[in-house]
Amino acid sequence: MKVIFAGTPEFARAALQRLLAAGFTVPLVLTQPDRPAGRGMKLQASPVKQCALDHGIAVAQPRSLRLDGKYPEDAAAARDALLAAQADVMVVAAYGLILPQWTLDLPRLGCLNIHASLLPRWRGAAPIHRAIEAGDAETGITIMQMDAGLDTGDMLLTERTAIRPTDTTATLHDRLADLGGRLIVEALEMAACGGLTATPQPEEGVTYAHKIEKSESAIDWSLPAVVIAQRIRAFDPFPGASTEANGEVVKIWSCEIDSSQRFTDKRYGHILLADEAGITVACGDGTALRLTQLQRAGGKRLAAADFLRGFALVPGTVLGNCTTAPSAP
């Protein structure tokens, strides 16, 4: 079976490697154009492009696939490359471009998407982040037959995995990338013998995983500790949860609920304790959160004990923009 692969980040590279290891022929890879990255802002190839070049696979990097869009010459060149590849199917994983109908219709078996959620929950751009942020107990991979909608196509294969209490987006991403690679190989092997069954997505339970914005990083200490903790894990590694402390922006990378601290009249964001175990902060609903790994701008991630040696934080210090908490009845 000949497979065109479309993807860009590390999540997609894992799937491409699995397809190649399983012996599928990949004549063409589509990926996003090289982007400036790093301190020098030099153009950098995507992980998928790097993988394709390592294996001698032709790469196309159109800015758009819309023949009537802003870059029709890119789309026309991509169409010619797709036609020349004469592939049976296109596999798509975190590609980053909308596929117009002509693209979906081109391969004999259509386009299969590796989506990092249990559809129809968390359609959209950031399903891993949003599942952790929402406190979901589980997530998974859905192999989907793509249609013109936003992650609305029929489901072909799904597999679940638990979200661990310590999972960050980084750790869950790696497990789902591995799972997605394994599941797409299984799906294509089933498709080769006509064994795939398409199931429409349920109409109930639809949620959208909107793109993560940097503006979401600021911690709102009026929220309950459990909600803040979920956001800290969800925003690791990007954009990183942050708060103001002594006039500086400090990133918070890990934490734990401090159930020993309960209060009725503290202000949200007040530091209650600061010692070797961590920095305990008053949160909403009378809860408290112990910060255990922090980072100053330009510095390294440090355990709280090491952080405190170079950055004085004492009980009574107020983090971020805080308001007075209402007293409990």
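**Exercise 1. Which backbone nitrogen does the side chain of Thr207 reach, and at what distance?**

Solution. The side chain of Thr207 comes to 2.7 Å from the backbone nitrogen of Trp122. Bear in mind throughout that this is a predicted model. Next, place the residue: Thr207 sits in the loop between helix H6 (169–192) and strand S11 (208–209). Then list its contacts beyond four places in sequence: Pro120, Arg121, Trp122 and Arg123. One of these, Pro120, belongs to the loop between S7 and strand S8 (123–124). As a last step, take Phe235: it is 28 residues from Thr207 in sequence, and the two C-alpha atoms are 19 Å apart.

**Exercise 2. Find the cis peptide bonds at Pro120 and Pro237, and say where Pro237 lies.**

Solution. Start with the background: most peptide bonds are trans. The bond from Leu119 to Pro120 is cis, with omega near 10°. Now go to Asp236 and Pro237, which are also joined by a cis bond, omega being about 20°. Pro237 is in the loop between H7 and S12.

**Exercise 3. Lay out the open sheet: what is the order of its strands, and which strands are at the edges?**

Solution. Read across the seven strands and you get S5-S2-S1-S6-S7-S9-S10, with mixed pairing. The edges are strand S5 (58–60) and strand S10 (155–162), each pairing on one side only. From one strand to the next, the twist averages 20°.

Now work through some of the pairs:

- Strand S1 (residues 2–7) and strand S6 (residues 89–93) run parallel and are joined by five bridges; Val3 stands opposite Val89 here.
- S6 and S7 are parallel too, with three bridges, and Met90 has Cys111 as its bridge partner.
- S7 and S9 run antiparallel with four bridges, and Asn113 faces Met144 across this pair.

Finally, add two helices. Helix H3 (residues 72–85) packs on the sheet, touching S1, strand S2 (25–30) and S6, and its direction makes about 175° with that of S2. H6 also packs on the sheet, touching S1, S6, strand S7 (111–115), S9 and S10, at about 150° to the direction of S10.

**Exercise 4. How many residues of S7 are buried, and which way do they point?**

Solution. Five of the five residues of S7 are buried. Sort them by direction: Cys111, Asn113 and His115 point one way, Leu112 and Ile114 the other. That fits the general pattern, in which side chains of a regular strand alternate between the two faces of the sheet. For a residue in S9, try Thr139: with 3% relative accessibility it falls under the 20% cut-off, so it is buried. Its contacts beyond four places in sequence include Ala116, Ser117, Leu118, Leu172 and Leu176.

**Exercise 5. Which residues touch the most other members of the largest nonpolar core, and which element gives the most to it?**

Solution. This core has 44 residues, and Phe5, Leu19, Ile114, Ile141, Ile143, Ile184 and Leu188 touch the most other members. H6 gives the most, with nine residues. Apart from it there is another core, of 24 residues, including Ala229, Ala245, Ile252 and Leu294.

Ala229 leads us to helix H7, whose buried residues are Ala225, Ile228, Ala229, Gln230, Ile232, Arg233 and Ala234. Seven of the ten residues of helix H7 (residues 225–234) are buried, so the rest of the structure largely encloses it. The cover includes helix H5 (127–133), H6, strand S12 (241–245), strand S13 (248–257) and strand S16 (288–296).

**Exercise 6. How many disulfides are there, and how far from Cys111 and Cys283 is the nearest cysteine sulfur?**

Solution. The count is zero. For Cys111 the nearest cysteine sulfur is that of Cys51, 20 Å away. For Cys283 it's that of Cys255, at 8.7 Å, and a disulfide needs the sulfurs within 2.5 Å. Both cysteines are buried: Cys111 has a relative accessible area of 1%, and Cys283 has 0% relative accessibility.

**Exercise 7. Asp151 and Asp285 have positive phi: is each buried or exposed?**

Solution. Most residues other than glycine have a negative phi. Asp151, in the loop between S9 and S10, has a phi of about 55° and is buried at 12% relative accessible area. Asp285, in the loop between strand S15 (278–282) and S16, has a phi near 60° but is exposed, at 58% relative accessibility.

Technical notes: Residues numbered from 1 in each chain as written. Predicted model: local features only at pLDDT ≥ 70, side-chain atom pairs only at ≥ 80, totals over all residues. Heavy atoms only, no water. Contact = heavy atoms within 4.5 Å. Polar contact = N/O pair within 3.5 Å; in protein donor to acceptor, adjacent residues only side chain to side chain. Core = buried A, V, L, I, M, F, W, Y, C linked by side-chain atoms within 4.5 Å. Buried < 20%, exposed > 50% of the residue type's maximum accessible area, 1.4 Å probe, protein only. Pairing = 2+ DSSP bridges. Axes fitted to C-alpha atoms, helices over the stretch in contact; angles between N-to-C directions.
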